[in-house]
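This report covers the empty spaces in one protein model, then its sheet and one histidine. The sequence and structure come first.

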Amino acid sequence: MVNAVIIGHGQATPPAMAQEELWRGHFKAASTGDGRAERIFLGAGVTTRHGAINPATDDISQWSTARRMREYERLALPLARHALTTALADAGLTADRLGLLAVVSCTGYATPGLDITLAAELGASADMQRVVIGHMGCYAAIPGLGVVADHVRRHGRPAALLCVELTSLHLQPGPLDTEQLIAHALFSDAAACVIVAPDDPRGDGLTVDAIGSRTDTAHADAMTWHVTDHGFRMGLAGRVPIVLSRHLPAAVGALLKPRDLVIDDIDAWAIHPGGRRILDTARTALAIDEDQLTVSRGVLAEHGNCSSATVLMIIDRLRRERPRELVACAFGPGLTVYSALLRREG
């Protein structure tokens, strides 16, 4: 059987923004500005993050959605290009070798989109297939990884998964309620890319062994992402960590059991940092050690929650530790847990 091995990684971020400066420069005035609001914003577990738009200098909260989408087209392309070309270089490939380019984003849309523009710019072959995965939210990288891995196994050609998220374009008008303040305290911008191939010349890649999902539709309204006249608006209910704690062990168990693995067999965990409380919930629900969350907490602190790009950024850091088995988990609307088992061969 043809393998599907992650052999290249790349990422790109816009300029860094300090969390405290964002509070003083915009969000203090856009919220109640009291001690509770400050504790929520500065206690999110984020120290710095990155933004194509800095609300401390450019308040776009009254912009129309149409204007934001025009900016997405302009600002997303250079980040996407850098992440993809870096991943290709890391894999030792050129774009004309790709059999599929899958682009993931829930923060902007246009046609012709990034997939078509990048194919033209980088000299992809005319028969390269393209898939665009939109509006699935933070977990979308994992089903995206399943799509490219399946393509590689079926066709024997390398494929690219590119996640591009510009959450800073969706700054909401004030005054911000608690739900919106939490969302704005967490979310950040980034592009991340992986190259999946049927062979691994260096022998240090991670094979995509299995993809799993679990959705509790009874709580579909607990996490939402709606298009409004002023960008996309996040809905984030306080019960999300409780619901996730109920489903996370079963989701991971269903991934591992067919391969005669248990949680203690896993060397590394790429847990999507939906927030500090989400990571606390995952640690307790899975009964894993706090040091297994060091990389996830580090990415949250340094980059914030970059939606779908985040889990790829965490995998990139963890793969350098050469784990034997790695489990990635991410969460989003549905309410959904998506997970992936990645294994190092040999």
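## Cavities and pockets

The second largest cavity is lined by Ile6, Ile7, His9, Arg202, Asp204, Gly205, Leu206 and Arg319. The model they belong to is a predicted one. Strand β1 is the main contributor to the lining of this second largest cavity, giving three residues. By class, that lining holds three nonpolar, two polar and three charged residues. The space inside the second largest cavity is about 60 Å³.

There are four cavities of 30 Å³ or more. The largest cavity holds about 350 Å³ of space. It has 34 lining residues, and those closest to its centre are Thr167, Ala183, His184, Phe187 and Trp225. Two or more lining residues come from each of α1 (19-30), β3 (48-50), α6, β9 (223-228) and β10.

Open spaces are present as well. The largest pocket contains about 500 Å³. Among its 25 lining residues, Ile182, Leu186, Leu236, Gly275 and Arg277 are the closest to the centre. At least two residues of this lining come from each of α2 (35-42), α6 (178-186), β10 (231-236), α7 (240-256) and α8 (276-286). Helix α6 and strand β10 thus appear in the lining of the largest pocket and also in that of the largest cavity.

The second largest pocket has a volume of about 270 Å³. Tyr72, Ala110, Gly113, Leu114 and Asp115 lie nearest its centre, out of 18 residues in the lining. Elements supplying two or more of these residues are α3 (65-91), β4 (100-105), α4 (114-122) and β5 (129-134). Helix α4 has the largest share, with four residues.

The make-up of three of these linings is set out below.

| Space | Nonpolar | Polar | Charged |
|---|---|---|---|
| Largest pocket | 16 residues | six residues | three residues |
| Second largest pocket | ten residues | six residues | two residues |
| Largest cavity | 16 residues | 15 residues | three residues |

## The sheet

An open sheet of nine strands runs in the order β5-β4-β6-β7-β1-β8-β13-β12-β11, with mixed pairing. Strands β5 and β11 (268-271) are at the edges, and each has a single partner strand, so one side of each lacks a neighbour in the sheet. On average, neighbouring strands are turned by 25° against each other, direction ignored.

Within the sheet, β8 (residues 206-215) and β13 (residues 336-343) are antiparallel and share eight bridges. One of the residues involved is glycine 212, whose bridge partner in β13 is serine 339. Helix α10 (residues 309-319) packs on the sheet, where it touches β1 (5-12), β6 (159-166), β7 (189-197), β8, β11, β12 (325-332) and β13. The direction of α10 makes about 60° with that of β7.

## Histidine 247

Histidine 247 belongs to helix α7, an element that also supplies at least two residues to the lining of the largest pocket. Is histidine 247 buried or exposed? Its relative accessible area is 16%, and under 20% counts as buried, so histidine 247 is buried. Beyond its neighbours within four places in sequence, histidine 247 is in contact with Arg214, Asp216 and Val337. Of these partners, Arg214 falls in β8 and Val337 in β13, by the residue ranges of the two strands.

Conventions
Residues are numbered from 1 along each chain as its sequence is written. This is a predicted model: local features need pLDDT of at least 70, side-chain atom pairs count only at pLDDT 80 or more; totals for chains, interfaces and linings use all residues. Side-chain values use heavy atoms; hydrogens and water are left out. On a 1 Å grid over the protein atoms alone, a cavity is a set of points where a 1.4 Å probe fits but cannot get out, and a pocket is an open set with protein on both sides within 12 Å along at least five of seven lines; lining residues have an atom within 4 Å of a point. Grid points are joined across faces, edges and corners, and a volume is the space filled by probe spheres set on the points. Ala, Val, Leu, Ile, Met, Phe, Trp, Tyr, Cys and Pro count as nonpolar, Asp, Glu, Lys and Arg as charged, and the others, Gly among them, as polar. Buried means under 20% relative accessible area, exposed over 50%, partly exposed in between (1.4 Å probe, protein chains only). Contact means heavy atoms within 4.5 Å. Two strands pair if DSSP finds at least two bridges between them. Axes are lines fitted to C-alpha atoms, for helices over the stretch in contact, and angles run from 0 to 180 degrees between N-to-C directions.
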